[in-house]
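Biologist: I have a model open and some bench questions about it. Can we go through it residue by residue?

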Amino acid sequence: MPRNELTMTEGSESAAAAGFDRSLLLTPGRDLAGYLGRGIGWVLLTTVACASVMAVMLIFVFIFKEAWPFLTGGRVMEFFGSTAWYPARDDEFGALSLFAGSAYATAGATLIAGLLGVSAAVFLSDIVPFRIRQILKPVVEILAAIPSVAYGFFALLVVAPWMQDTLGFTTGTNILNVTVMLSIMAVPTVVSIAEDALTAVGRNLREGAYAMGCTRAETLVKVVIPAAHSGIIAAVILGMMRAIGETMLVWMASGNAAQVPSPWWDLSQSVRTVTATIAGEMGETERGGVHYHALFALGLLLLTITFGLNLVSEYFLRRTRRRQGTGG
Amino acid sequence: MSDRGNFDMTVMPDQEERTHSRGGVSLPKAEQTTTAAAESDPMQCCEAVIRAKSFSLYYGQTVGVKDVTLDIYRCSVTSIIGPSGCGKSTLLRSINRMNDLVPSARAEGKLEVAGTDVYDRRINLVNLRQQVGMVFQHPNPFPKSIYDNIAFGPRLQGIRRRSRLDEIVERCLRSAALWEEVRDDLKKSALALSGGQQQRLCIARALATEPKVLLMDEPCSALDPIATGRIEELIGKLRDNYSIVIVTHNMQQAARVSERTAFMCMGELIEYGLTRDVFTNPQQKRTEDYITGRFG
């Protein structure tokens with residue numbers, strides 16, 4: 001007699017003998033239904049997951065395809081080498097002024113949001129009592145949900161007139177305005193992620209530092225912040241990505257003059273960013289023309305930069321997680 | 001930061017002597033004879049370095065340590081045993097004021113280290129903690145290199161000279177019996193070491209601030225038996241130069257490493273005396289029940 005059969009029959013008999021009155025095996029019908037159900041579920045979920053990944057890939061492909069004619073049209077040197085962006089009037093495509101605008105706005109916003117955000121994160125994680133932190137942190141995170149148009153209103157109707165009247169700037173929509181507003185917008189992102197990283201450092205490292213005779217400031221500066229540096233870098237990069245990709249606010253607050261400020265430190269001048277250019281000019285351009293393709297080239301560049309930054313921040317976040325995983 | 005040294009806590013004269021003579025590995029020779037003599041008649045050994053007088057510590061309304069009076073003697077190993085939650089860690093952490101990190105903690109009575117009440121408002125916490133070093137239950141090296149971990153304390157004290165730091169790092173790693181294993185990768189991250197090595201690194205790190213007392217809070221509970229053996233061996237070597245207070249759940253360990261044992265229960269000190277007396281001839285019923293495994 002085959003051994004399996006023996007154990008099967010004996011098993012059900014002994015199951016009954018042991019008082020198990022409901023069968024421990026599925027009926028053939030329920031077994032099949034379960035099998036089919038799992039199969040259908042797998043197919044459905046895979047399709048949905050693939051579709052979302054495909055959508056992102058297709059956006060890449062689409063933008064690349066539309067940018068291609070411009071990139072191969074022999075105007076790349078002008079694109080990266082000239083500051084004259086007069087696509088409609090003079091057929092000039094010097095995007096350097098747009099890059100400068102984006103660079104000013106992003107660098108300024110990253111600097112301010114980084115400093116403010118990391119300080120606020122340290123304050124939340126190590127200075128205020130835990131109960132107050134539990135209230136403050138959600139409040140800060142809610143700030144991230146304010147739509148950028150609202151910030152734009154504020155920039156246009158409050159900050160700009162104030163700058164003109166009080167600081168005496170010729171125009172209120174300028175680098176300073178857009179930088180400050182962008183950084184306020186990016187701060188919640190930085191605070192939220194940096195605070196997570198600082199909290200994750202854990203009590204035992206802090207205790208170790210105090211036991212070595214560190215003051216609270218020394219504990220923070222020499223142990224906690226270095227231990228959380230990956231997460232803090234990721235937080236700043238994510239804040240930077242918010243600033244780079246932002247369109248509506250910069251459209252309203254930057255003044256939209258495609259120029260490189262001169263002298264370079266004069267923050268009261270207007271600039272124009274890559275994002276605002278695409279948003280503003282796409283509607284007026286002729287489909288399939290040089291201008292149209294040039295705007296896609298700008299979009300491709302933007303996409304590449306944010307994608308790269310995303311990879312970098314992902315790398316740092318992973319490093320934080322791994323470090324916590326292995327303890328320490 | 002360089003003026004830390006000027007705030008030195010009250011240091012007993014013969015302790016100062018010891019600081020000068022420490023460092024030589026051969027030194028304990030003379031000391032050993034005193035220790036041996038002390039062991040034959042230990043209670044008259046030397047004076048108390050830590051002295052609790054009706055000391056209590058509360059967390060809000062909860063009692064952590066209740067009315068504890070005991071003397072911990074210099075250059076010996078004292079272990080504190082007792083069931084979980086009996087307040088032994090709390091007592092240990094009170095000695096270098098690590099309980100300050102708990103906002104609701106409140107102390108009553110007196111707890112003196114080298115004659116100074118550590119709950120005095122004027123206490124210099126930096127100097128207290130650098131002279132009363134601590135080793136924790138879970139090894140907690142900083143995520144820095146091995147070298148930077150050891151040099152951390154000296155750098156806090158303002159020591160910057162490379163040669164001086166090198167010297168301290170080597171001396172501390174040697175004292176912690178780790179030098180031979182890591183001498184070629186001092187630049188390696190401390191997190192790459194094994195658990196037992198990390199714990200010895202933490203001991204070396206604590207030694208680098210030249211403490212007089214070492215507090216160990218269940219230093220072996222996260223380690224395997226071999227690593228535990230090495231730490232115990234190390235404690236045996238360090239007892240000549242440092243006063244060690246060790247909290248442990250492992251009664252064999254207490255019996256192996258310590259000269260004196262304190263038994264605590266429900267925040268109270270039940271019995272305190274020479275380890276061999278406590279284990280072979282306990283005076284209190286509860287002590288006997290605990291060490292024979294009838295409760296706890």
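Modeller: Start with K53(B), which has a relative accessible area of 36%. This is a predicted model.

Biologist: Is K53(B) buried, partly exposed or exposed?
Modeller: Buried means under 20% relative accessible area, and exposed means over 50%. K53(B) has 36%. That value falls in between, so K53(B) is partly exposed.

Biologist: Which residue does K53(B) meet in a salt bridge?
Modeller: The two side chains come to 3.5 Å, N to O. The pair links distant parts of the chain, 59 residues apart. K53(B) sits in strand β1 (residues 48-59) of chain B, and its partner sits in strand β4 (residues 105-113) of chain B. The partner is E112(B).

Biologist: Is E112(B) buried or exposed?
Modeller: The cut-off for buried is under 20% relative accessible area. E112(B) has 11%, so E112(B) is buried.

Biologist: What separates K285(B) and D289(B) along helix α12 of chain B?
Modeller: Their side chains meet in a salt bridge at 3.1 Å, N to O. An α-helix has 3.6 residues a turn, so residues three or four places apart point the same way. K285(B) and D289(B) are 4 residues apart in α12 (residues 285-291), so the separation is about one helical turn.

Biologist: Which of K285(B) and D289(B) is buried, and which is exposed?
Modeller: K285(B) has a relative accessible area of 55%, which makes it exposed. D289(B) is at 16%. The buried partner is D289(B).

Biologist: Which residues of chain A are joined into one network by salt bridges that share partners?
Modeller: Salt bridges number 33 over all chains. Some of them share partners, and in chain A these link up a network. Its members are R133(A), K137(A), E141(A), E195(A) and D196(A).

Biologist: How much area do chain A and chain B bury between them?
Modeller: The contact draws 19 residues from chain A and 25 residues from chain B. Carbon and sulfur atoms carry 67% of the buried area. The predictor gives the complex an ipTM of 0.77 and a pTM of 0.76. The area buried is about 1800 Å².

Biologist: Which side chains form the salt bridge across the interface?
Modeller: The rule finds 1 salt bridge between chain A and chain B. Side chains of opposite charge can pair when their charged atoms come close. Here the distance is 2.9 Å, N to O. The side chains are those of R93(B) and E207(A).

Biologist: Are R93(B) and E207(A) buried or exposed?
Modeller: The cut-off for buried is under 20% relative accessible area. R93(B) has 13%, so R93(B) is buried. E207(A) has 6%, so E207(A) is also buried.

Biologist: How many of the 9 residues of helix α8 of chain A are buried?
Modeller: Helix α8 spans residues 203-211 and is largely enclosed by the rest of the structure. The buried residues are L205(A), R206(A), E207(A), G208(A), A209(A), Y210(A) and A211(A). That makes 7 of the 9.

Biologist: Which residue just after α8(A) takes a positive phi?
Modeller: The angle is about 95°. The residue is G213(A).

Biologist: Which element gives the largest share of the nonpolar patch?
Modeller: The patch covers about 710 Å², and its residues include F153(A), L157(A), M248(A) and W251(A). Two elements give two or more residues: α6 (148-167) and α11 (248-253) of chain A. W251(A) is found in α11, and is partly exposed at 33% relative accessibility. The largest share, 6 residues, comes from α6(A).

Biologist: Where in chain B does pLDDT stay under 50?
Modeller: Chain B has a mean pLDDT of 83, and 84% of its residues reach 70 or more. The low stretch still has 61 contacts beyond four places in sequence in the model. Where pLDDT is low, the predicted coordinates should not be read in detail. The stretch is residues 1-44 of chain B.

Biologist: What percentage of the residues in chain B is buried?
Modeller: Chain B has 12 helices and 10 strands. Its accessible surface comes to about 13100 Å², with 49% on carbon and sulfur atoms. Of its 296 residues, the buried ones make up 54%.

Note on methods. Residues are numbered from 1 along each chain as its sequence is written. Chains are lettered from A and ligands numbered from 1 in the order in which they are written. This is a predicted model: local features need pLDDT of at least 70, side-chain atom pairs count only at pLDDT 80 or more; totals for chains, interfaces and linings use all residues. Side-chain values use heavy atoms; hydrogens and water are left out. Patches are made of residues with over 30% relative accessible area and no salt bridge: like charges are joined within 9 Å, nonpolar side chains (Val, Leu, Ile, Met, Phe, Trp, Tyr) within 5 Å. Accessible areas come from the Shrake-Rupley method with a 1.4 Å probe; for residues, only the protein chains shown count as cover. A salt bridge is a side-chain nitrogen of Lys or Arg within 4 Å of a carboxyl oxygen of Asp or Glu. Buried means under 20% relative accessible area, exposed over 50%, partly exposed in between (1.4 Å probe, protein chains only). pLDDT is the predictor's confidence in each residue, from 0 to 100. Contact means heavy atoms within 4.5 Å. Buried area is the accessible area (1.4 Å probe) that two parts lose on being put together, summed over both.
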